[in-house]
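Work through the exercises below with the sequence and model open. Try each task before you read its solution.

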2 protein chains.
Amino acid sequence: MAVATQSLEELCINSIRFLAVDAVEKAKSGHPGLPMGAAPMAFVLWDRFLRFNPKNPKWFNRDRFILSAGHGSMLQYALLYLYGYDSVTIEDIKQFRQWESKTPGHPENFMTAGVEVTTGPLGQGIANGVGLAIAEAHLAAKYNKPDTKLVDHYTYVILGDGCNMEGVSGEACSFAGHLGLGKLIALYDDNHISIDGSTDVAFTEDVSKRFEAYGWHVQHVQDGNTDLEAIAKAIEAAKAVTDKPSFIKVTTTIGYGSPNKANTAGVHGAALGGDEVALTRKNLGWEHEPFVVPQDILNHTGKAVERGAGYEADWNKAYADYKAKYPQEAAEFERYIGGKLPDGWDKVLPTYTAEDKALPTRKHSETCLNKLAAVLPELIGGSADLTHSNLTEIKGKGDFQKGQYQNPNIHFGVREHGMGAICNGIALHDSGLIPYGATFLIFTDYMRASIRLSALSQAGVIWVMTHDSIGQGEDGPTHQPIETLASLRAIPNLTVIRPADGNETSGAYKVAIERAKHNAPTLLAFTRQNVPNLAGTSLEHVAKGGYTVVDSDGTPELILIGTGSELSLAVTAAEKLTAEGKKVRVVSLPAWDLFEAQDAAYRESVLPKAVTKRLAVEAASSFGWHKYVGTEGDVVSIDRFGASAPGGVCLEKFGFSVDNVLAKAKKLLG
Amino acid sequence: MAVATQSLEELCINSIRFLAVDAVEKAKSGHPGLPMGAAPMAFVLWDRFLRFNPKNPKWFNRDRFILSAGHGSMLQYALLYLYGYDSVTIEDIKQFRQWESKTPGHPENFMTAGVEVTTGPLGQGIANGVGLAIAEAHLAAKYNKPDTKLVDHYTYVILGDGCNMEGVSGEACSFAGHLGLGKLIALYDDNHISIDGSTDVAFTEDVSKRFEAYGWHVQHVQDGNTDLEAIAKAIEAAKAVTDKPSFIKVTTTIGYGSPNKANTAGVHGAALGGDEVALTRKNLGWEHEPFVVPQDILNHTGKAVERGAGYEADWNKAYADYKAKYPQEAAEFERYIGGKLPDGWDKVLPTYTAEDKALPTRKHSETCLNKLAAVLPELIGGSADLTHSNLTEIKGKGDFQKGQYQNPNIHFGVREHGMGAICNGIALHDSGLIPYGATFLIFTDYMRASIRLSALSQAGVIWVMTHDSIGQGEDGPTHQPIETLASLRAIPNLTVIRPADGNETSGAYKVAIERAKHNAPTLLAFTRQNVPNLAGTSLEHVAKGGYTVVDSDGTPELILIGTGSELSLAVTAAEKLTAEGKKVRVVSLPAWDLFEAQDAAYRESVLPKAVTKRLAVEAASSFGWHKYVGTEGDVVSIDRFGASAPGGVCLEKFGFSVDNVLAKAKKLLG
């Protein structure tokens, strides 16, 4: 194939292929196969359809593009480079997969402008795409007017076989079909190869039929390697279907162009090797040195800069008109996309005294959510089919359903993992929405990959988790978290808060909302059962992660540390010990990482090194607690699985009683 | 509806319904709706099809029954009681959901004989069913002879809307379709209600069409409430299809019989209340007191005892003939189902000296797996599409595929969660098979719910996890575990082993195999990168969880503690410090829980309390390490997400170097 016979479009596609091939070759690491096969569909999409402004990657009304098959990251980096983003230069491409480069192994939104979400863990990207499409639909329903479509963009996703095998994608896509998200368009790189070889060894289902079953509009491009017009027609047709998401199966050849490795697993995740690269160059008629893209190609793709500036200018003009006509909506919209909170928003959070009625903290959570929703209409979310257990409904507002996208209450169904990835997508729409997702605390296990990604990819989500201990009761050990708090506290960048009562619940929401606006997730753990409101708790102090609730007269002999429902046990035990003449301090430690973030002097003031007799009380695993109780302290904990019985019985049997706390405390006091 | 007009079968079905209604009412907790709606299909299945021996619930060739919708546990307890199991008496039913009862909130195989797997976390049961069917197909292919079907049973599953929404069920069912598991028959209780109300709020896909897309044989029973013959015919038809798993959608009414609550979410998960119970009794013509089942019903269902004894006697006779004809196969089969290991099996595990070549521990793992497979043909498993990264292939043996069920190498596809639940099912087939499932360590996040269930439900699985740190390298933070080890170590009953070299890898497999035969899971964490073989490591000592690798002359001033790839850093640092005249001990701590299980004297001998200067080195989160380093110690750890760069660069940049260990050690020494 000589260069002369190739169209400019073919040359553009080959430039994508060879940027990928050569970057992987230089790094001696990476995945050339997907970019080589998916370059045609990606080129058609970016060149003819995708609306973006490369010089302002955050332009609000851009189409969103997700490479769900994130291992093919060089596809995305090549596109960002060719289409004029400043975030990826040719030098960056040469630094593919190197320390602190803008071109890491998988697309990372926090490293590279133009990357919308972090992909790589398979199936997450397409599920994030459902979240982006939900965010678009919601904002469009709220802000668009008959004369102005302020919010009006598509979400495009390229996904592969791996994404389609993962359950998380199935959950999210079933839900997208239910919601009829017409502006979500997925291109499935159907290349029949995964790491273990042909998909025939494990994956022979009829994927298109499955998406039809989900209620998607489904098409098939038979020759995704060369039939650019068929790809374009399919995307046109997908855009024309407005009441269903679209799934376009595009059959391709992985490693297209490599004479000996195309259509094999060998080209999936390893460099081609020098000889094969040379053969591939010859085969595709690509005579340029590595990392050299001819100017005529750059001239063509570079037109995106002017085009993009035009898109944004048009939108800015439309927005100016909108603002003039609809100042109130515009003010709210600007606050949203500016990531601002309204003045005094936190004044709605209630405080309590010890005389107030004992309630479950999940009930306090419901109160906070509803009071906040009145001043923060950017709250949108719901539960994975436990709405009335998690108490996450925003009352008086409707359900987010097909044709009712303006409403904030999302029924995710029994799809925890999909919910997680969808919430991440909503947050990373970057439009000020604050998504929340709820289930029982134990079922964070089902969605842990998404929770981790919220922390890694700086998605400002609030995870609302109820039934946070063996106090859950009769459902038994399958439903009772033990190690769950520890496993979540260990995740970097995720603040886990387990409030003790009404005041701390309000404080937890204050932290969570502020963190969300700063693109950081927070996980809140609430009780199923009643807890008393305590005299010493504080809304404000939750932000410090730990603080003294009850203090002794002078240096304490013993420090009792509690969280959540067990703080009241510590307080009551301390009262009894104090009555016996002991000097006892009680520390509430609802958020470990926030406490660690305080300066040493503050931490010392709460947990003085000199006081080595320390007893922690938490109805969960002791794992991790020795950091606070030290080698001389002790923990009232549960280091086995729970049991089916009424919650109060479980707590009592497993030692979460004042008597047992007193006994352990006295043992420590000697 | 008067009793007189009801057939005996209808009475049996009503007895199931009212055992559920009354038990939930007494407990004031539980889920009456599913048992009331699914009682007809369950009755037809148990009464006409299911082959079991109630007086020997572990009879090998029994049909397996799984209630995947585990919240409907009273359905299963009612059946166990009516059909003559000793494990559930009427007194046990009265103790539903009470402390230490045989009738916990969700079915627990370790509490109640006759329960095959632990369900409740939705979607797991049907995926376990795929594992049971794989085990059956595998053993049948290995042991059956033209004249004797030694292994020949069905796996029946009742699942609900919740199970069908969960991604894990989709993964496993797609795989079951691929494998053509003809003896797996799933009955879908299609009742249109989940906790949030009508499934119309979240779940409107065409489930049957989806199962067709997976390659299942699909049927629909339109009236699952009363049309017993239609249910029976569908099960007959399902059994007749031998090359595909069968999915029978059975449309029912949740809470059938309750005049005011049937077909509402109100009957899903709460007691009906006294008035409604009375109305339901009247409506269904059930005049008996709570927990009273008329003798004619018990007489009918009780026939299962004789029937079951007959099944087992027939099988025993066939087995005696088989044993006479095929003594070699019978000996192996008996060893399997007896849970025994062959004498001297562990002698195949290799040991190494410091002169042996540095290799990744995943490579040592491959060696162990292959050497073990030669003496333990009960090993069966594979990877979630990372076979040649995890190095989990048993070489020279074929792939487990449709028509090749005798082979041990399973290609799970990119379905970690499904793999997890399938492995649990294989283990809980209770036939001596040792399943293993592999992926990158980070992707335990995708399958954590299944890993937890392996620990809870006593499933002897080996979880083979490779690429166990930032040493993973270029794939970057999405693929690099940080908090993962901590989060897994926190799970009760799960032994996590991170071996340092060849000897410790052999020791890890020795522990894992023995644990598997004792129905306990083990998770092994292996490096991607080379590690040296160390002089002081020991195969045998891994079982102690921690031991001294390098000791000082006299009481140490400092103890360095390492695991996995970082143990060699500790050893090298200790050599340098010793050369400088310091007294330094190095402790290897590959398995925390095994170390905790040692007596106090042993633990003190390894980590003497008096030595407070302790430095741990692990390329992972510090979370949990303070238990071992105490308040005066330190940890060389990584408490942020990783980065994309070559593995060696990552390790060096994040401080996993001899120099940094030395620097921290010297700081501690003062």
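**Exercise 1.** Which residues does His192(A) touch, not counting residues up to four places away in sequence? Then place His192(A) in its chain and classify its exposure.

*Solution.* Keep in mind that this is a predicted model.
Step 1: contacts. His192(A) touches Asp161(A), Gly197(A), Ser198(A) and Thr199(A), with residues up to four places away in sequence left out.
Step 2: location. His192(A) sits in the loop of chain A that runs between strand 3 (184–190) and strand 4 (193–194).
Step 3: exposure. The relative accessible area of His192(A) is 39%. Buried needs under 20% and exposed needs over 50%. His192(A) is therefore partly exposed.
Step 4: a distance check. Pro121(A) is 71 residues from His192(A) along the chain, and their C-alpha atoms are separated by 19 Å.

**Exercise 2.** Is Ser208(A) buried or exposed? Find its helix and its contacts as well.

*Solution.* Step 1: location. Ser208(A) belongs to helix 8 (residues 207–214) of chain A.
Step 2: exposure. Its relative accessible area is 11%. The cut-off for buried is under 20%, so Ser208(A) counts as buried.
Step 3: contacts. Not counting residues up to four places away in sequence, Ser208(A) touches Val218(A), Phe247(A) and Lys249(A).

**Exercise 3.** At what angle do helix 1 and helix 10 of chain B pack? Name the arrangement and describe the contact by residue class.

*Solution.* Step 1: geometry. Helix 1 (residues 8–27) and helix 10 (residues 274–284) of chain B pack at about 170°, and their axes lie 11 Å apart.
Step 2: arrangement. Angles over 145 degrees count as roughly antiparallel. Helix 1 and helix 10 of chain B are therefore roughly antiparallel to each other.
Step 3: residues. Helix 1 of chain B contributes Asn14(B), Arg17(B), Phe18(B), Val21(B), Asp22(B) and Glu25(B). Helix 10 of chain B contributes Gly274(B), Val277(B), Thr280(B), Arg281(B) and Leu284(B).
Step 4: classes. This contact has four nonpolar, three polar and four charged residues.

**Exercise 4.** How many residues does the contact take from domain 2 and from domain 3 of chain A? Describe the area buried there too.

*Solution.* Step 1: bounds. Chain A is divided into domain 1 (8–308), domain 2 (361–525) and domain 3 (545–669).
Step 2: spacing. The C-alpha centres of domain 2 and domain 3 of chain A are 26 Å apart.
Step 3: residues. The contact takes 22 residues from domain 2 and 31 residues from domain 3 of chain A.
Step 4: area. About 2000 Å² is buried between these two domains, and carbon and sulfur atoms give 56% of it.
Step 5: main contributors. On the domain 2 side, Ile470(A), Ile482(A) and Arg498(A) lose the most area to domain 3 of chain A, together 32% of what that side buries.

Note on methods
Residues numbered from 1 in each chain as written. Chains lettered and ligands numbered in written order. Predicted model: local features only at pLDDT ≥ 70, side-chain atom pairs only at ≥ 80, totals over all residues. Heavy atoms only, no water. Helix = DSSP H or I, 4+ residues; strand = E, 2+ residues; numbered from the N terminus. Buried < 20%, exposed > 50% of the residue type's maximum accessible area, 1.4 Å probe, protein only. Contact = heavy atoms within 4.5 Å. Axes fitted to C-alpha atoms, helices over the stretch in contact; angles between N-to-C directions. Parallel < 35°, antiparallel > 145°, perpendicular 65-115°, else oblique. Nonpolar A, V, L, I, M, F, W, Y, C, P; charged D, E, K, R; others polar. Domains from an automatic or database assignment. Buried area = accessible area lost by both parts, 1.4 Å probe.
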